[in-house]
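User: Hi, could you walk me through this one? I'd like to start with the nonpolar core.

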Amino acid sequence: MTGHHFDQIYIGGAWVDPVGGDKIPVVNPATESTIGAVPAGTVDDVNAAVDAAKSSFPSWWRTPVEIRAGYLRAVAEKLMARRDEIALLISSEMGSPVRFSSDVQVSLPVNSFLEAASVAESFEWEAERGNSIIVREPVGVVGAITPWNYPLHQIAGKVAYALAAGNTIVVKPSEESPLNAWVLAEIMDEVGVPPGVFNLVSGTGLVVGEALASHPDVELVTFTGSTRAGIRVGELAAKTIKRVTLELGGKSANLILPGTDLSAAIPHAIDWAFINSGQTCLALTRLLVHRDDLRDVELAASALASKLSVGAPDAPSTDLGPLVSEVQMQRVRKYIEDGIRDGARLIAGGSDRLADLPIGYYVRPTILSDVTPNMSVFREEIFGPVLSIIPYDSIDEGVRIANNSMYGLAGSVWSNNSQTAREIANQIRTGQIMINGGEFNPNAPFGGYKQSGIGREFGPEGLSEFLEIKSFQY
């Protein structure tokens, strides 16, 4: 990847010069070299984008659902045609191994555009109730603020469902990994999405993000990111009583009940703790095991972690690439050191650099055991390859520990009895639960309880978030 320096933003169906001339550099986390840059948008740029979206909303709203769905399917087709290019691009800007980028970072966005089209076509837009007809209508202009860890996936999930519902949208991609958003904008332009329906303004959260969240003509702001930033978005949105959907942090528990076949449960636990180098909001970062199984779990988990290949994202054998930035690398290393200082036992990995990777923002896949609720590694979202093992003495205690979190995004339960696993899963306060290694479903409603967010994404539930409800009385 030699360079991706973008000078313009996409507003009203055209590439336009931003008001200011400042740029945000994009750094390859594996090489620490600058590979591109995007404009640092201003409040004036946001205002122009919102004006374009507002002007195009009436005609897009009245565009038949089948035509809107056709645009979305055309976007999916173009994304697939550029799959290899996009996978390499995402790997270079945020560090995902290229095979993970191809299988997940590109496939999930394609799925979102296809599924949103199908959901919209089969959705019940009107229903009779007594002497009323209940109709669903789009909210209007949507502001979308997206994160760096699954950059195109998070943009696609918001754009596809917002457009399918008949809204227009202004997207602010992450400053850390924004380059993929230009590919999507190129595709939107190429397939002929009407001017103003999709708009792209890059920039910082403090400028572009806050301008979107507070803009009086933005009817809904959809945000994915940290809980702290989500609180700020909510505060700004409240001033104009706009709707918000927030997909925030997670500290998900993987509860393994006594008698579970560890040969199946532990590989799954390792995979879901270290997925995308741990930079995944629903990563299962707290592994809860019965005290009688603790030693066996430690041995199995540390053995598997030691076999994970950490290295360059473009190497076919790489399991874990670098973290997205030096700041994130230092943050994760400090969490590991704090955990050890607080009394956790290091059984794999550690905070020291890998000798054969002196350049790049790499962190060893790390496992800490005997973690207790008073430790920061138990309570706080680390967003890196760090797994905490927590022993419990009874199933009731295990459930209490699983629920002992300000977050409630995801979780997992393992048992040799599927009915027992379901009963325990019912007691865990999270938005998604894997049962005995159940496969992740990208079309199931996604979102969390407690401080993991407000609302749901994907599927009919995700479409509904972008709709208002009106009743006609006859």
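User: Which residues touch the most other members of the largest nonpolar core?

Analyst: Phe113 and Phe198 do, in a core of 99 residues. A nonpolar core here is a set of buried Ala, Val, Leu, Ile, Met, Phe, Trp, Tyr and Cys residues joined through side-chain atoms within 4.5 Å, and buried means under 20% relative accessible area with a 1.4 Å probe, protein chains only. Bear in mind that this is a predicted model: local features need pLDDT of at least 70 and side-chain atom pairs count only at pLDDT 80 or more, while totals for chains, interfaces and linings use all residues. Residues are numbered from 1 along each chain as its sequence is written, and side-chain values use heavy atoms, leaving out hydrogens and water.

User: What is phenylalanine 113 in contact with, leaving aside neighbours within four places in sequence?

Analyst: Leu72, Val75, Ala76, Leu79, Ala156, Val159, Ala160, Leu184 and Met188. Contact means heavy atoms within 4.5 Å. Another core, of 29 residues, lies apart from the largest one, with Met329, Met375, Val377 and Ile424 among its members.

User: OK, pockets. What volume does the largest pocket have?

Analyst: About 1200 Å³. A pocket is an open set of points on a 1 Å grid over the protein atoms alone, where a 1.4 Å probe fits, with protein on both sides within 12 Å along at least five of seven lines; lining residues have an atom within 4 Å of a point. The volume is the space filled by probe spheres set on the points, which are joined across faces, edges and corners.

User: Which lining residues are the closest to its centre?

Analyst: Trp148, Phe223, Gly225, Ser226 and Ala229, out of 37 that line the largest pocket. Helix 8 gives the most to that lining, with 6 residues. Helices (H or I, at least four residues) and strands (E, at least two) are DSSP runs numbered from the N terminus.

User: And the second largest pocket, which helix gives the most to its lining?

Analyst: Helix 4, with 5 residues. That pocket holds about 720 Å³ of space. Phe100, Val104, Tyr150, Ile275 and Asn276 are the closest to its centre, of 29 lining residues.

User: Switching to the sheet: what's the strand order?

Analyst: It goes 15-16-17-14-13-19-20, an open sheet of 7 strands with mixed pairing. Strands pair if DSSP finds at least two bridges between them. Strand 15 (345–348) and strand 20 (434–435) are the edges, each pairing on one side only.

User: How many bridges join strand 13 to strand 19?

Analyst: There are 4, and the two strands run parallel. In one of the pairs, isoleucine 256 has tryptophan 414 of strand 19 as its bridge partner.

Key. Buried means under 20% relative accessible area, exposed over 50%, partly exposed in between (1.4 Å probe, protein chains only).
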